[in-house]
Amino acid sequence: MFASVDEAREALATQGYIAGERLATTVFLLARLGKPLLVEGPAGVGKTELAKVLAAATGRRLLRLQCYEGQDETKALYEWDYGKQLLYTQILREKIGQLVADAPDLHDAVERIGAQESVFFSERFLAPRPLLEAVRSPEPAVLLIDEVDRADEALEAVLLEMLGEYQVSVPELGTFVAEHPPLVVLTSNNTRDLAAALKRRCLHLFLDYPSAERELEIVRSKRTGLADELARQLVDIVRGLRELDLRKSPSISETIDWARTLAVLGASELSAPVLSDTVSVVVKYDKDVRKALDALPRLVDPNARIPENGHGHGHGHGHGHGHGHGHEHGHGHDHDGDRSEVDGKAVRAAKDRPGRFTEGYYGTPRRRVV
C-alpha cells in the first residue's frame, strides 16, 4: 500500500489528516508488517479518525467494533440466528415428522434428529459480528476496535486469537482464517490498563495533543472560514484552556468546531465577551465553564486587569449583573459575586422543618385523634 513513510503521510493528508513523522512511520509499519496498531491517548486527539482516514486512503471497507462495559463475545465475534433457525424448523416440521415416523423408540428418534444438527448450525444461520466479518471479508478491510479500554477484561481475551493469527474459531464449524488479513486499529482513552498479552500483539502509538503549529495546520486544513490570524489566536487560547484543571480538556475537533462557530458569527476579533458567549462549544461541564470564563480575559490579553470578584467577563452580557438579562448564559454566577458552590442537599434539609406544611397538605396523612 505505502512504498515509504512519506507516501503514507501524503495518503493521509489527501484525506485531511495531518500526520507527523512518528505517526506516519507507525502507519507505514502497520501496513508493511501487518500487525495490529494500538493507539492510546486522551479523547479527541484523532485516534478514531485515524482508522477512518486509513480506510479511505487505502480504499478499504471500514468495520467498527464499538466497545462498552458489559459487552460479551457474541457482540464482537458472532452469534447464531435463533429466530431464523426456529422459522426453518417450523417450515420443515413435516419433513422432520417423516424423518422420525418409523423410529422404533425415542432414543432412535433423537439420534436421527441429532444427525441433522449440522443443517441448523451451518453458515446459513451464522450471524457474523465485526471480528468474524473482518476475517471472512472477501476483500481487504480496516477493522476499528474503538475504546477497547471501556470493555471488560474478558473481551480482551477474546481478541487475542484475532490479533495474533487473524482467525476466529467457531466450535460448531471450525476455524475461519482471514484470506485478506485486515488492518486493525485499536483505540484506548487510558481509562484502565490493558493486558500485557494484548499489548504484546500490537504496535503501539501514544497520541497526545499536537504542538501549536501542528494544531493550527489542522485547523487550516479543515477550511473553517476563520481568518488565519484569528485561528492562530484561537489555538493559543484553547491550549491555555487545556492547562486548566478541567474535567474534560478541549479536543482538536472542538477547536475546529469553535473556529467554525466564530466564522459563522462573523467574528473580526477574539474578545473575551465573544469567546465567553461561545465557550460551551469546547467546554461541556458547568464547573469547567466557570473556570474557563474566569481564565478567558487573561488568555485573550495577559495584561488584562480582572476584578477580584472574578467577573471580568461580564460586560453586560447577561451574567446576572443587574442588567435585566438574568442568567441567559447559564453560568450560575451569583449577583453578589460569591462563586462558592452551594450544597443543594443542605439547603433542602434546612427547609424541611416541622410545621412547614399543615396536616393533609399535598396528600400527607392527617393525625388521627384517639
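Is Ala-197 buried, partly exposed or exposed? Hold that thought for a moment, everyone, and thanks for coming. What we have on the screen is a predicted model, so please keep that in mind as we walk through it.

Back to the alanine. Ala-197 has a relative accessibility of 23%, and it counts as partly exposed because buried would need a value under 20%. You can find Ala-197 in helix H10. Its C-alpha atom is 8.5 Å from that of Ala-157, a residue 40 places away in sequence.

Let me step back to the whole chain. The protein chain has 370 residues, and 40% of them are buried. Its secondary structure comes to 16 helices and nine strands. If you take the contacts between residues at least 6 apart in sequence, 69% of them join residues at least 24 apart.

Now for the inside. As a general point, nonpolar side chains tend to be buried together in soluble globular proteins. Here, the largest nonpolar core holds 33 residues, and Leu-131, Ile-145 and Leu-186 have the most contacts inside it. Which elements supply at least two residues each to this core? On the strand side we have E2 (61-66), E3 (78-80), E5 (141-146), E6 (167-170) and E8 (183-188), and they are joined by helices H8 (130-136) and H9 (153-165).

Leu-131 is a nice one to click on. Leaving aside residues up to four places away in sequence, Leu-131 touches Leu-65, Ala-76, Leu-77, Leu-143, Ile-145, Leu-159, Met-162 and Val-168. Another core lies apart from the largest one; it has 29 residues, including Ile-218, Leu-262, Leu-270 and Ala-292.

On to the pocket, which I suspect many of you are waiting for. The largest pocket encloses about 760 Å³ of space. How many residues line it? The answer is 35, and those nearest the centre are Tyr-17, Val-45, Gly-46, Lys-47 and Ile-252. Helices H2 (21-33), H3 (47-58), H11 (212-221) and H13 each give two or more residues to that lining. By chemistry, the lining splits into 13 nonpolar, nine polar and 13 charged residues.

Why do we say that this pocket lies between two domains? Because domain 1 (5-74 + 129-206) and domain 3 (212-300) both contribute residues to its lining.

Let's stay with helix H13 for a second. The helix covers residues 252-264, and Val-264 belongs to it. Val-264 is exposed, since its relative accessibility of 72% is over the 50% cut-off. Its C-alpha atom is 7.9 Å from that of Gly-225, although the two residues are 39 apart along the chain.

Last stop: two backbone oddities that you might like to look up yourselves. Asn-190 is not a glycine, yet it has a positive phi of about 65°. Asn-190 sits in the loop between E8 and helix H10 (196-200). With a relative accessible area of 37%, Asn-190 is partly exposed.

The other one is Arg-223, also a residue other than glycine, with a positive phi near 50°. You will find Arg-223 in the loop between H11 and helix H12 (228-242). Is Arg-223 buried or exposed? It counts as exposed, at 75% relative accessibility.

That's my tour. Happy to rotate the model for anyone who wants another look!

Methods:
Residues numbered from 1 in each chain as written. Predicted model: local features only at pLDDT ≥ 70, side-chain atom pairs only at ≥ 80, totals over all residues. Heavy atoms only, no water. Core = buried A, V, L, I, M, F, W, Y, C linked by side-chain atoms within 4.5 Å. Buried < 20%, exposed > 50% of the residue type's maximum accessible area, 1.4 Å probe, protein only. Helix = DSSP H or I, 4+ residues; strand = E, 2+ residues; numbered from the N terminus. Contact = heavy atoms within 4.5 Å. 1 Å grid on protein atoms, 1.4 Å probe; cavity = no way out; pocket = protein on both sides within 12 Å on 5 of 7 lines; lining within 4 Å. Points joined across faces, edges and corners; volume = space filled by probe spheres on them. Nonpolar A, V, L, I, M, F, W, Y, C, P; charged D, E, K, R; others polar. Domains from an automatic or database assignment.
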